[in-house]
Structures are given as C-alpha cells and as structure tokens.
Amino acid sequence: PESNTLTRKFIDSAASASVASRTLQSAFDLGAPLIHGLPVLMDQPTVWTKSVENSLAAMGDPLVISRLISENMDTLHKLNSHNMLHGGGSDLIESLYKGGMLERGLAQYGRRRVIQVRGKGVPRGTEQLAPETPGQYRRRVAVSQAERVTGGIQRQFEAFLLSSKIGLWQSMEGMIPKQVAKQARKKGIIEGTPEYSKLQREVEGTLASHIAKMTGTVSMANLGLSPSRRKIISGLIMYAPRYRMACYGLMADVFRGGMKSELAITRLSKMMMAGTYYYSLTAYKLNQDPQLNPFEPGFMSIKIGNTDIGLGSAYMSVLNLLTQIVSGAIPLDNDKYNGESWWDSRNERLRDIASTGLQHLRSQTSSLTGTGIDIATGHDYSGEPLPESIFSWDAAKMAGDTIAPFWLSSVWEHPKSTYVEGSWITDIPAGMVGGGIGLRSMPSSSYSKAMDLADIETQKLAEEFG
C-alpha cells in the first residue's frame, strides 16, 4: 500500500539523517580505544596497546587489516563461526560506509555529469562523461581527498576492534577445555560423544559473545532483530545501540549464572580495581587528591584548568545514574537535602530520582529523536531550558551540538563556564584533547568552582593574618 511505502521512506530518511548526525559527532576522533576498548585496557593492557598501534597504523596503511586477517585466519574463523566479526564500529561511523548518507553525499558531490551521445552510427542510448570544467575538477579532487580521510577513519575503528578481538580470543581460549570439562562433569556428559562436541561449541560461543561485549559490539541479527527494526532502533531510538547493548549485556551477564557470570564478574571487577588504581596514580602524579566519592562533583576526574576530565563510556554513565538514584533513595546527610531525613525530604528525593532516570533515558536517544524531544518539552536532556530565540548563541550552540564532533563542542562549551580569568587557555585545549581520545570532558560545576574560590580566599586570609 502507498501509506506503507511513504512510512518506509520517512523512516529511511529520518534514520539516515540521524545516523549521519551521529557519525559527524563521534567518527572524527581517536576515541575507540577508550570507549569501545575500556574493558580491554583494564583487563588486557598488552592486547589494548597492540590494538592501538594497529589502529593508528591502519589510518595511513590499508594493508594493516589485510595483514591482521592473513596472520590470524584460524582465530578469525572461530570468531566468524559465531558471527562475532560484524562491523563493530558501524554505530559510530555507520554513515561513512557504502550506502550511508555521508558516503553518498561525497560521491554525488564529486560525480561528473553524463550526456547522451548522438550521431550517425552511434547506437541509441549511448552515454559518455561530459567534459570536465575547472570547478568540477576541483570538486573531484576535494572528494578524493575527503574519501582518503574517511577511509582512514573506517580503518582506524575497524583495525582496533578486529585486533582487540583477535588478541582477547588468543589470550582467553585456554580456558575453553577447562570450562568444557567442568560443565561436562556437572551434566554427566562423556568426552568424545556428540553431546560433548556440542557443549564445546556452546562454551566457545559464550566466550566469543563475551569478547564481543568487551569490545562494545553485538550482532543485532544475533538478537533476532529484522533489518527494518535494526534501522528504526539505530536511527530513531537509541544512540549507538550496538555499543550500548553490548555494555548493558556485559553488566546483565553478572546475574545470568554459569560461565557468563564468571566472565562478567571477572571483567567488571578488574575494570573497577584497575580503573581506580590508574586514576589514583594519575591524580597523585599531578599532585591532586583522587576524588573517589561517587556522591561528590568531579568523581574520578582530573582537574585541568577549570575542566574536569575523566573516563567516559556507558559503564561510567550507568554508575553515575545509580549513584544519583542511591543518593536520593537513602537518607544521606548531604548538603543537597540540608541534612533532612529521608521522610522529611521524600518529595524532593523522589522527584530527583524520577528526573535522573528520565534524563538518563533522554541521553541515550538518537540525535534526531533527542532534538525532537527537546523542542517538544522545551528543555534539553540535562533539564536546562531551551533558548528563547533561534538566533541566539545558545540556539546556535544547540544546533552545532547535533553535528559537531564531541571534541569540538568544548570550544563553545567552555567560554561561558569559567569564573577564573584566563582559564580558557587550558580549558579549551584540555576539553578538545580529552574529548578527542574518548574521555569525559566537562566544565567544573558551579559548586566546585565556588569551593575552589573559597579555598583561594581562605588561603589569602590565612597568609594575611597568619
């Protein structure tokens, strides 16, 4: 029916625009190792380091991925048999792949005009390229250079993910015989039987799935989602659904029991311990006190100028959500609720819990849908009201945030955020570098800045009267 065709065209167009926005925001940086690869870094730093080397090398050398494949065919065959070699980075660079809006836009911009050839003895319908004008030549050269850049971006993402999966499998496949034997004893299965071979394949599949989740990739086809549903989820509902489903899946495995629980608990506990160690060491090296209280501003972040920089990823996002819910759900004696008991401040706490949950859900939505929600509600995902005029600086910033790379957003995020004269000299570079390599980068909170200024004034008074 015509209505179904129109609906399908609308969904395709809206999804393509949303995916293009996501690609512009997240593709043009070096964030994969500290976003997709955060669990790898905390658990297998040697594998992570090698994967980063391959990733950077692949940006300029298309043969890096070919060498990875040819040198690790046996490992790749095992992973591929469980459908764990799909394009893991496609969430973040999806629009650069063949058929994506950005890829099609580049191709169209650089395309030469085709004309019909007419003349005696020329078959009807014969075509040839029209003579190239100087302007068309310049566009074609520009597109060629742009395609070199986008090709390097694709290879950078894919090389890191592929190298990580190879390294993780090779370092962890030694556990397969032990797991098979352990489960066989529990189920009374005899070695050498068809049931034993089936059990071994199940164990291999569990490990392959675990590695995919560690690298922030899941196959939506493996989840039973049809192509049309995958397009709707990816383009209109969730921001980077494969990545988020992988992270949430790894956390959910803790409660599934068996081998999945063992692997998930091991990975997440190592992430927590190694992350705390690396962060604390970095803070001490910079002569800063580690902020390990999740209920205080600047949790697990380093202060550079007037900017807080720390680890990002979906794991930190969930931890932040849980922290805010817990701080409202239990009677903590904190300044936010003026030390009141839970019962006396129950209405405010429950509102904060609900608001926190809604803000988290809003922050997970796709770019296009999220912007639509903001306009409909009159507030952005953090609860701030939208600008009254579409011609204001704030309106321009809001529009820019939907297409600009995350690291570039810090350029217009920080000038209005500082109370410290001249701090933009460190704020903007710190925000750009932090965002460019996948770290959390944000202006210090008003409360934190007020406390810093209070400390400065206290020290001045102490020196004056001491």
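At 11% relative accessibility, Q179 counts as buried, because a residue is called buried when its relative accessible area is under 20%. The structure in which this residue sits is a predicted model, and Q179 is a useful place from which to begin a walk through it. Q179 belongs to helix α10, which covers residues 175–187. If its neighbours within four places in sequence are left aside, Q179 is in contact with V203, M259 and E262. A further residue to look for is L199, which stands 20 residues from Q179 in sequence, while the C-alpha atoms of the two are 9.6 Å apart in space.

Two of the contacts of Q179, V203 and M259, lead on to a pair of packed helices, since V203 is among the residues of α11, and M259 among the residues of α14, that make the contact between these two helices. Two packed helices are described by the angle between their axes and by the distance between those axes. For helix α11, residues 194–214, and helix α14, residues 258–285, the angle is about 30° and the axes are 10 Å apart. Angles under 35 degrees count as roughly parallel, and α11 and α14 are therefore roughly parallel to each other. Their crossing is right-handed. On the side of α11 the contact is made by V203, T206, L207, H210 and M214, and on the side of α14 by M259, K260, L263, A264 and R267.

The residues of α14 run from 258 to 285, and with this range in mind the reader can turn to the aromatic rings. How many aromatic pairs does a search of the whole structure find? The search finds one, and this pair is formed by Y277 and Y278, whose rings are 5.8 Å apart from centre to centre, with 55° between their planes, so that the pair is classed as tilted. As for their surroundings, Y277 is exposed, with a relative accessible area of 52%, whereas Y278 is partly exposed, with a relative accessible area of 33%.

The last stop is helix α17, residues 367–377, where the buried residues are S367, G370 and D374. Seen down the axis of α17, these buried residues fall within an arc of 65°, so they line one face of the helix. The general reason for such spacing is that an α-helix has 3.6 residues a turn, so residues three or four places apart point the same way. On the other side of α17, I375 and A376 are exposed. After the helix comes G378, whose phi is positive, near 80°.

Conventions:
Residues are numbered from 1 along each chain as its sequence is written. This is a predicted model: local features need pLDDT of at least 70, side-chain atom pairs count only at pLDDT 80 or more; totals for chains, interfaces and linings use all residues. Side-chain values use heavy atoms; hydrogens and water are left out. Buried means under 20% relative accessible area, exposed over 50%, partly exposed in between (1.4 Å probe, protein chains only). Helices (H or I, at least four residues) and strands (E, at least two) are DSSP runs, numbered from the N terminus. The arc is that of the directions from the helix axis to the C-beta atoms. Rings of Phe, Tyr and Trp (its six-membered ring) pair if their centres lie within 6.5 Å; planes under 30 degrees apart count as stacked, over 60 as edge-to-face and the rest as tilted. Axes are lines fitted to C-alpha atoms, for helices over the stretch in contact, and angles run from 0 to 180 degrees between N-to-C directions. Angles under 35 degrees count as roughly parallel, over 145 as roughly antiparallel, 65 to 115 as roughly perpendicular and the rest as oblique. A crossing is left-handed if the near helix is turned anticlockwise from the far one by less than a right angle, and right-handed if clockwise. Contact means heavy atoms within 4.5 Å.
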